Amino acid sequence: MEINWEELKLKAIEAMKNAYAPYSHFPVGAAALVDDGRIVSGCNVENASYGLGLCAECGLVSNLNMTGGGKLVAFYCVDGNNNVLMPCGRCRQLLFEFSQPGMLLQTVSGIKTIEEVLPDAFGPRDLETGFGNDKRG
Ligand code: THU
(Lines give C-alpha, C1' and ligand atoms only; values in the text may rest on other atoms or scores of the structure.)
Protein backbone atom coordinates (compact mmCIF):
# COMPACT_ATOMS: atom_id res chain seq x y z
CA MET A 1 0.00 0.00 0.00
CA GLU A 2 1.28 3.42 -1.02
CA ILE A 3 2.12 5.61 2.01
CA ASN A 4 1.78 9.36 1.55
CA TRP A 5 3.92 10.59 4.46
CA GLU A 6 3.30 14.24 3.60
CA GLU A 7 -0.46 13.76 3.80
CA LEU A 8 -0.13 11.90 7.11
CA LYS A 9 2.00 14.72 8.50
CA LEU A 10 -0.59 17.31 7.42
CA LYS A 11 -3.38 15.29 9.09
CA ALA A 12 -1.30 15.03 12.27
CA ILE A 13 -0.74 18.81 12.27
CA GLU A 14 -4.46 19.39 11.71
CA ALA A 15 -5.22 17.09 14.66
CA MET A 16 -2.58 18.81 16.84
CA LYS A 17 -4.44 22.11 16.38
CA ASN A 18 -7.39 20.57 18.26
CA ALA A 19 -5.26 19.57 21.25
CA TYR A 20 -6.46 20.51 24.72
CA ALA A 21 -3.18 21.00 26.56
CA PRO A 22 -3.65 23.90 29.03
CA TYR A 23 -1.38 22.24 31.62
CA SER A 24 1.64 21.03 29.67
CA HIS A 25 1.31 23.58 26.87
CA PHE A 26 2.54 20.73 24.72
CA PRO A 27 0.00 20.04 21.97
CA VAL A 28 0.36 16.74 20.14
CA GLY A 29 -1.32 15.40 17.01
CA ALA A 30 -1.19 11.91 15.55
CA ALA A 31 -2.42 10.46 12.28
CA ALA A 32 -2.31 6.97 10.83
CA LEU A 33 -3.09 5.21 7.58
CA VAL A 34 -5.47 2.25 7.99
CA ASP A 35 -5.30 -0.92 5.85
CA ASP A 36 -8.49 0.06 4.02
CA GLY A 37 -6.97 3.39 2.95
CA ARG A 38 -8.67 5.75 5.38
CA ILE A 39 -6.77 8.06 7.72
CA VAL A 40 -7.53 8.30 11.44
CA SER A 41 -6.18 10.91 13.82
CA GLY A 42 -6.20 12.18 17.38
CA CYS A 43 -4.95 14.94 19.68
CA ASN A 44 -3.97 14.98 23.34
CA VAL A 45 -6.69 15.93 25.80
CA GLU A 46 -5.47 16.86 29.28
CA ASN A 47 -7.33 17.09 32.58
CA ALA A 48 -7.23 19.20 35.75
CA SER A 49 -6.49 15.87 37.43
CA TYR A 50 -3.13 15.83 35.62
CA GLY A 51 -2.57 12.08 35.59
CA LEU A 52 -5.77 11.51 33.65
CA GLY A 53 -4.57 13.29 30.53
CA LEU A 54 -5.08 11.39 27.29
CA CYS A 55 -2.31 11.16 24.71
CA ALA A 56 -3.05 11.87 21.06
CA GLU A 57 -2.72 8.15 20.33
CA CYS A 58 -5.62 7.38 22.68
CA GLY A 59 -7.87 9.55 20.53
CA LEU A 60 -6.45 7.98 17.39
CA VAL A 61 -7.22 4.38 18.40
CA SER A 62 -10.67 5.45 19.55
CA ASN A 63 -11.22 7.15 16.18
CA LEU A 64 -10.00 3.95 14.46
CA ASN A 65 -12.55 1.80 16.22
CA MET A 66 -15.38 4.33 15.93
CA THR A 67 -14.97 4.60 12.17
CA GLY A 68 -14.81 0.96 11.14
CA GLY A 69 -11.79 -0.65 12.83
CA GLY A 70 -8.97 -2.19 10.82
CA LYS A 71 -5.21 -2.32 11.22
CA LEU A 72 -2.73 0.55 11.21
CA VAL A 73 -0.22 0.61 8.36
CA ALA A 74 1.69 3.86 8.93
CA PHE A 75 1.83 6.39 11.76
CA TYR A 76 2.95 10.02 12.16
CA CYS A 77 3.02 12.09 15.35
CA VAL A 78 3.87 15.79 15.68
CA ASP A 79 4.46 18.30 18.46
CA GLY A 80 3.36 21.94 18.54
CA ASN A 81 6.21 22.96 16.24
CA ASN A 82 5.12 20.44 13.59
CA ASN A 83 8.18 18.35 14.39
CA VAL A 84 8.01 14.58 14.42
CA LEU A 85 7.48 13.18 17.92
CA MET A 86 8.11 9.70 19.27
CA PRO A 87 5.06 8.04 20.78
CA CYS A 88 5.54 7.50 24.51
CA GLY A 89 6.00 3.95 25.79
CA ARG A 90 2.36 3.47 26.74
CA CYS A 91 1.27 4.69 23.34
CA ARG A 92 3.62 2.30 21.52
CA GLN A 93 1.65 -0.43 23.28
CA LEU A 94 -1.67 1.16 22.27
CA LEU A 95 -0.50 1.31 18.66
CA PHE A 96 0.87 -2.25 18.73
CA GLU A 97 -2.59 -3.64 19.54
CA PHE A 98 -3.96 -2.26 16.26
CA SER A 99 -0.86 -2.44 14.09
CA GLN A 100 -0.44 -4.51 10.98
CA PRO A 101 2.82 -6.51 11.26
CA GLY A 102 5.60 -4.20 10.07
CA MET A 103 3.59 -1.02 10.65
CA LEU A 104 5.83 1.94 9.84
CA LEU A 105 6.36 5.00 12.03
CA GLN A 106 8.05 8.23 11.18
CA THR A 107 10.58 8.75 13.99
CA VAL A 108 13.31 11.18 15.02
CA SER A 109 15.79 8.75 13.44
CA GLY A 110 13.92 7.91 10.26
CA ILE A 111 11.21 5.44 9.33
CA LYS A 112 11.05 2.43 11.67
CA THR A 113 8.72 -0.51 12.24
CA ILE A 114 6.53 -0.92 15.29
CA GLU A 115 8.58 -4.03 16.14
CA GLU A 116 11.74 -1.89 16.23
CA VAL A 117 10.29 0.69 18.61
CA LEU A 118 8.57 -1.93 20.82
CA PRO A 119 10.77 -5.05 20.70
CA ASP A 120 9.43 -8.36 21.99
CA ALA A 121 6.09 -6.70 22.58
CA PHE A 122 3.41 -8.20 24.74
CA GLY A 123 0.28 -8.42 22.62
CA PRO A 124 -3.03 -10.14 21.86
CA ARG A 125 -1.35 -13.41 20.85
CA ASP A 126 0.30 -13.74 24.26
CA LEU A 127 -3.14 -14.11 25.80
CA GLU A 128 -4.08 -17.03 23.56
CA THR A 129 -1.93 -19.52 25.51
CA GLY A 130 -3.98 -18.68 28.56
CA PHE A 131 -1.93 -18.91 31.70
CA GLY A 132 1.54 -17.62 30.95
CA ASN A 133 3.92 -19.16 33.48
CA ASP A 134 1.08 -20.23 35.71
CA LYS A 135 0.81 -24.02 35.31
CA ARG A 136 -2.85 -24.29 36.40
CA GLY A 137 -4.04 -24.46 32.75
N1 THU B 1 1.76 13.17 24.62
C2 THU B 1 1.03 12.59 23.62
O3 THU B 1 -0.09 13.01 23.33
N4 THU B 1 1.56 11.53 22.98
C5 THU B 1 2.82 11.04 23.20
O6 THU B 1 3.17 10.00 22.65
C7 THU B 1 3.75 11.79 24.07
C8 THU B 1 3.06 12.70 25.04
C9 THU B 1 1.17 14.29 25.37
C10 THU B 1 0.74 13.96 26.76
C11 THU B 1 0.70 15.33 27.42
O12 THU B 1 -0.58 15.90 27.17
C13 THU B 1 1.75 16.12 26.66
O14 THU B 1 2.08 15.35 25.51
C15 THU B 1 3.02 16.38 27.46
O16 THU B 1 3.54 15.20 27.96
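This is a conversation between a biologist and a modeller about how particular features of this predicted model earn their names.

Biologist: Let us begin with Leu54; where does it lie, and why is it called partly exposed?

Modeller: Leu54 is placed in the loop between β2 (39-43) and α2 (56-66). Its relative accessibility is 45%, and since buried means under 20% and exposed means over 50%, with partly exposed in between, Leu54 counts as partly exposed.

Biologist: What makes the nonpolar surface patch that includes Leu54?

Modeller: The patch, of about 520 Å², is made by Tyr20, Tyr23, Val45, Tyr50 and Leu54. A member of a patch must have over 30% relative accessible area, and Leu54, at 45%, therefore satisfies that requirement.

Biologist: Moving on to the helix α2, which of its residues are buried, and what covers them?

Modeller: In α2 the buried residues are Ala56, Glu57, Cys58, Leu60, Val61 and Leu64, and the elements that cover them include β1 (29-34), β2, β3 (72-78) and α3 (89-97). After α2 comes Gly68, which has a positive phi near 125°.

Biologist: What makes the pairing of Asp36 with Arg38 a salt bridge?

Modeller: The closest N and O atoms of Asp36 and Arg38 are 2.9 Å apart, and because a salt bridge asks for a side-chain nitrogen of Lys or Arg within 4 Å of a carboxyl oxygen of Asp or Glu, the pair qualifies as one. A search of the whole structure finds one salt bridge.

Biologist: What else does Arg38 reach, and where is it placed?

Modeller: Arg38 is in the loop between β1 and β2. A polar contact of 2.9 Å joins its side chain to that of Thr67, and the side chain of Arg38 also reaches the backbone oxygen of Gly69 at 2.9 Å. Leaving aside residues up to four places away in sequence, Arg38 touches Ala32, Leu33, Leu64, Thr67, Gly68 and Gly69.

Biologist: How do you know that the link between Arg38 and Thr67 is a polar contact?

Modeller: A polar contact needs a pair of N or O atoms within 3.5 Å, one able to donate a hydrogen and the other to accept it; the distance between the side chains of Arg38 and Thr67 is 2.9 Å, so the pair falls within that limit.

Biologist: Which residues are around the ligand, and which polar atoms lie by its oxygen atoms?

Modeller: The residues around the ligand are Ser24, Phe26, Val28, Asn44, Glu46, Cys55, Ala56, Glu57, Met86, Pro87 and Cys88. A polar side-chain atom of Asn44 lies 2.9 Å from an oxygen atom of the ligand, a polar side-chain atom of Glu46 lies 2.5 Å from an oxygen atom of the ligand, and for Cys88 a backbone N or O atom lies 2.8 Å from an oxygen atom of the ligand. On its own the ligand has 370 Å² of accessible area, of which the protein covers 77%.

Biologist: What is notable about the phi of His25, and why is His25 called exposed?

Modeller: His25 has a positive phi of about 55° although it is not a glycine. Most residues other than glycine have a negative phi. His25 is found in the loop between α1 (5-16) and β1, and it counts as exposed because its relative accessibility is 64%, the cut-off being over 50%.

Biologist: How do you know that Asp120 is exposed, and what is its phi?

Modeller: Asp120 has a relative accessible area of 82%, and exposed means over 50%, so Asp120 is exposed. Its phi is near 50°, a positive value in a residue other than glycine, and Asp120 lies in the loop between α4 (114-117) and α5.

Biologist: To finish with helix α1, why is Leu10 called exposed and Lys11 partly exposed?

Modeller: Leu10, in helix α1, has a relative accessible area of 51%, and is therefore exposed, given a cut-off of over 50%. Lys11, also placed in helix α1, has a relative accessible area of 30% and is therefore partly exposed, a value in between the limits of 20% and 50%.

Biologist: What does Lys11 touch?

Modeller: Not counting residues up to four places away in sequence, Lys11 touches Ala31, Ile39 and Ser41.

Terms used:
Residues numbered from 1 in each chain as written. Predicted model: local features only at pLDDT ≥ 70, side-chain atom pairs only at ≥ 80, totals over all residues. Heavy atoms only, no water. Patch = residues over 30% accessible without salt bridge, like charges linked within 9 Å, V, L, I, M, F, W, Y side chains within 5 Å. Areas by Shrake-Rupley, 256 points an atom, 1.4 Å probe, with all protein chains shown as cover. Helix = DSSP H or I, 4+ residues; strand = E, 2+ residues; numbered from the N terminus. Buried < 20%, exposed > 50% of the residue type's maximum accessible area, 1.4 Å probe, protein only. Contact = heavy atoms within 4.5 Å. Near = heavy atom within 4 Å.
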